[in-house]
Amino acid sequence: MQSLAKFFIVVGLIFILFGILFLIFPRISIFKLPGDILIKKDSFTFYFPVATSIIISLFLTLLLNLLLRR
């Protein structure tokens, strides 16, 4: 149970760091990449973040592999 608690603490700290970065640099947008799909019609907007999802998935995979190997 202690390893799970440490894991949640690390993940929480990462979220806090990202929150601070988004507050300091509000113009940095990782959620509007060229591979994302955006369809706008009259009263309808569809946004599917393909490239953003891939990048977040790769980042989390690397992070979890580094944390779980210890």
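Leu4 is partly exposed, with a relative accessible area of 40%. That makes a handy starting point for a tour of this structure, which is a predicted model. Leu4 has its place in helix H1. Measured off the model from C-alpha to C-alpha, Leu4 and Ile24 lie 30 Å apart in space, with their positions 20 residues apart in sequence.

## Two helices that meet

Let us stay with helix H1 for a moment. Helix H1 covers residues 2-24, and helix H2 covers residues 50-68. How do two packed helices get described? By the angle between their axes and by the distance between those axes. Here H1 and H2 pack at an angle of about 140°, and their axes are 12 Å apart. That angle makes H1 oblique to H2, because an angle has to be over 145 degrees to count as roughly antiparallel. The crossing in which H1 passes H2 is right-handed.

Which residues meet where the helices pack? From H1 come Phe7, Val10, Ile14 and Phe18, and from H2 come Phe59, Leu63, Leu64 and Leu67. The residues of this contact divide into eight nonpolar, no polar and no charged.

## A hairpin of two strands

Now for the strands. Strand S1 takes in residues 37-40 and strand S2 residues 45-48. The two strands pair in the antiparallel sense, over four bridges. A hairpin of four residues joins S1 to S2. Two pairings can be picked out: Leu38 has Tyr47 in S2 as its bridge partner, while Lys40 stands opposite Thr45 in S2.

Ser43 is found in the loop between S1 and S2. Is Ser43 buried or exposed? Ser43 is exposed, because its relative accessible area of 78% is over the 50% cut-off. Tyr47, found in strand S2, is partly exposed, with a relative accessible area of 35%. That value falls between the cut-offs of 20% and 50%, so Tyr47 is neither buried nor exposed.

## Distances along the chain and in space

Some pairs of residues link the parts of this tour. The table sets out their separation in sequence and their C-alpha to C-alpha distance.

| Pair | Apart in sequence | Apart in space |
|---|---|---|
| Leu4 and Ile24 | 20 residues | 30 Å |
| Tyr47 and Lys32 | 15 residues | 9.8 Å |
| Ser43 and Leu67 | 24 residues | 44 Å |

Leu67, in the last row, is one of the H2 residues in the contact with H1, and its partner in that row, Ser43, belongs to the loop between the strands.

Definitions and conventions: Residues numbered from 1 in each chain as written. Predicted model: local features only at pLDDT ≥ 70, side-chain atom pairs only at ≥ 80, totals over all residues. Heavy atoms only, no water. Pairing = 2+ DSSP bridges. Axes fitted to C-alpha atoms, helices over the stretch in contact; angles between N-to-C directions. Parallel < 35°, antiparallel > 145°, perpendicular 65-115°, else oblique. Left-handed = near helix turned anticlockwise from the far one by under 90°. Contact = heavy atoms within 4.5 Å. Nonpolar A, V, L, I, M, F, W, Y, C, P; charged D, E, K, R; others polar. Buried < 20%, exposed > 50% of the residue type's maximum accessible area, 1.4 Å probe, protein only.
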